[in-house]
Amino acid sequence: MSFCKVFYFCFLLISGNNAVAVTYEGTERNCSVIPPYLPSTAVSTTLQLQELRYQMRLMSISAYIIPGTDAHLSEYLAPRDARVAFMTGFTGSAGTAVVTQSKAALWTDSRYWVQAERQMDCNWELEKDVSVSSLAEWLISEVPSGGEIGFDPFLFSLKTQEEYAINLESSNRTLKSMPDNLVDKVWKNRPPIPPDSLTPFCTGSWQTKVEHIRNQMRDNPYEPTALLLSALDETAWLFNMRGNDIPYNPFFYSYTLLTMDEIWVFLHMNRLTDELKAYLNSSCTGPLCVQLKNYEDVLGHLKTYVAQPGVKVWIGTEYTNYALYEIITPQDKLMTSSYSPVLTTKAVKDDKEQQILRDAHVRDAVAVIQLLMWLEQAVPKGTETELSAAEYVNKCRSQQKDSRGPSFETISASGPNAALAHYSPTEETNRKLTVDEMYLVDSGGQYLDGTTDITRTVHWGTPTAMQKEAFTRVLMGNIELSRTIFPSGTRGVNMEMLGRRALWQVGLNYGHGTGHGVGNYFGVHEWPVGFQSNNVPFRPGMFTSIEPGYYKDNDFGIRIEDIVVIVPVNTKYGHNYLTFETVSLVPYDRKLIDTSLLSSEQLEWLNNYYKTIRELVGAELDKQKLKEEKDWMLKHTEPFSSASVCSSSLTVVALAIALLHNLV
């Protein structure tokens, strides 16, 4: 259905003896009217709140914190771990809920404020400062002095627990670790773990990987005796295995405890085939034999190991939950780093991994080109919608070699919906695509050789001057980052502003990150690579996205996202320098590019990029016998003329000449 306005008789005005019906319209809840207005997208949460508060009274706690994560601190959650969604109705990927006996509140960032107002009923307050200090202030105001605040330690990171403890210090309110999750107690139809078997995935020898990680343990001056792996992609990568527990991600619930001479893997035993047991050498007890344990036994086994004399457990603090951390005592038995050696090793792809990930992006480009060509033909007919476009690009990907489905829920957004950076269409919010509005599609695929993620923004009619300038400045940010040369070991956060500079020059900006790592048939957001403050320095062989954007509230949204690989570059004097090479290979919308804003260097980069698309994607289109798609691609990758480029660059030259003249 189209995204229509909803009309609702929200209250009566009493005028003398006459009752006058007043019409309220909107797509978001309005809790200030009587009775409250709720759109059809809002979820009733009264029953689950009543049952949770009953459990809270049994445990004598005044408040209960519900983080939007799982026991592995994952970004993408299995349906059975979507506790915030179950309690609040809000399905965004970032949020924390808190319930007291009289109030309930959700904290989420600006990407999801509109979505929260559409999905939550009036039992919930929406808080917009997502800092722990803001949440703690709310707790102090709502929880009586001496009250206890319950939480599930498996859903808290070390940093989160520490921040709560600091902010609640001296308030006479205390955190109480709860052995059982209270939301799970009231979630009667909680989804089960998928029954699918786990599968080996051949990307080299897992024994070689284990020995490589053990060598890093041996070389560490703090002399750890064991390494605890908690992030889901750590065990999957180390043993070359894939599962189906998490939507869009080929992961499975697991932990690993690795020592110099033993390996314990904790997972759901009923999913292990005889083939997999043999693959893991589970029938022996040597240093390269995997001892398989029940998933729930990790806590007890870790306690037993730590109780031994002379042991020291290495953990990555970003993905180890507080429940596991707090049993590694005393402190001299603990060694910490932000990320485990498995995550930092996995972040650097070897030559084979780099090549197959590049190959996956070439085939993925074919699917996106098929989508854009189809939309260009179909939208003027007035029959297509956001949902149909999302379905079409997923269908195109499914026809490509080694496809394993989408890598995340497709963001298919037109007009005002595109102003929501992470909007995905539903039956209630679905809009018809028209030639009068901009359209943003952010999509990706899982392939046996790689994971993809790409965003393109297009306009099928006549864009406004502001839309064209904003798009061009977003493109300028993408290009400036992509062509930057920087010393090896530079952190992304130190160059991130290059993606924003062209926007800043005219007072524009965007409210999300500029890039994230991607994997080889792994997560579409693969840490610890990217442009955030807690990402690791760039090294050759890492892959990251570059994705600046601009979003005008209730009007349109723009994002241009490409995946790049970090590669060495020769400079005139230095040899330890790097740059980015773009592996996403889909042209940008020509009618949205104002070439007069581009510098000659930016235009040269763009024409070289289009030349690469013609060479690599053209060959793949020939291979797949897609003549119409190739003709479309060639048309949209014609080189740009330099005649109209960059009056701003000429102005700079003129100013420089004038300055020199005055000096003389």
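Let's start with one residue, Val 617: leaving aside residues up to four places away in sequence, Val 617 touches Val 362, Ala 365, Val 366, Ile 369, Leu 585, Thr 612 and Met 633. Keep in mind as you explore that this is a predicted model.

## The nonpolar cores

Where does Val 617 fit in the bigger picture? Val 617 belongs to the largest nonpolar core, which has 62 residues. Together with Leu 375, Tyr 439, Tyr 588, Ile 593, Leu 606 and Tyr 610, Val 617 is among the residues that touch the most other members of this core.

Which helix gives the most to this core? That is helix α13, covering residues 351-378, with 11 residues. If you would like a second place to look, there is a separate core of 51 residues, and its members include Ala 226, Tyr 255, Val 298 and Val 342. As a general background idea, nonpolar side chains in soluble globular proteins tend to be buried together.

## The disulfides

Now for the cysteines. How many disulfides does a search of the whole structure find? The search finds two. Counting the bonded cysteines along the chain, the disulfides follow the pattern 1-2, 3-4. Here they are:

| Disulfide | S to S distance | Torsion about the S-S bond |
|---|---|---|
| Cys 31 and Cys 122 | 2.0 Å | about -90° |
| Cys 284 and Cys 289 | 1.8 Å | -100° |

What do the torsions tell you about handedness? For Cys 31 and Cys 122, the torsion is about -90°, so this disulfide is left-handed. The link of Cys 284 and Cys 289, with -100° about the S-S bond, is left-handed.

Try finding Cys 31 and Cys 122 in the structure, since this disulfide links distant parts of the chain. Cys 31 sits in the loop between β2 (18-25) and α1 (46-58), while Cys 122 lies in the loop between α3 (113-119) and β6 (125-127). The two residues are 91 residues apart.

## Buried or partly exposed?

Are these cysteines buried or partly exposed? To decide, you need a cut-off: a residue counts as buried when its relative accessible area is under 20%, and as exposed when that area is over 50%, with partly exposed in between. Cys 31 has a relative accessible area of 37%, so Cys 31 is partly exposed. Its partner, Cys 122, comes to 29% and therefore counts as partly exposed.

In the other disulfide, Cys 284 is partly exposed because its relative accessible area is 29%, whereas Cys 289, at 8%, counts as buried. One further cysteine to look up is Cys 396: its relative accessible area is 4%, so Cys 396 is buried.

Methods
Residues numbered from 1 in each chain as written. Predicted model: local features only at pLDDT ≥ 70, side-chain atom pairs only at ≥ 80, totals over all residues. Heavy atoms only, no water. Core = buried A, V, L, I, M, F, W, Y, C linked by side-chain atoms within 4.5 Å. Buried < 20%, exposed > 50% of the residue type's maximum accessible area, 1.4 Å probe, protein only. Helix = DSSP H or I, 4+ residues; strand = E, 2+ residues; numbered from the N terminus. Contact = heavy atoms within 4.5 Å. Disulfide = S-S within 2.5 Å.
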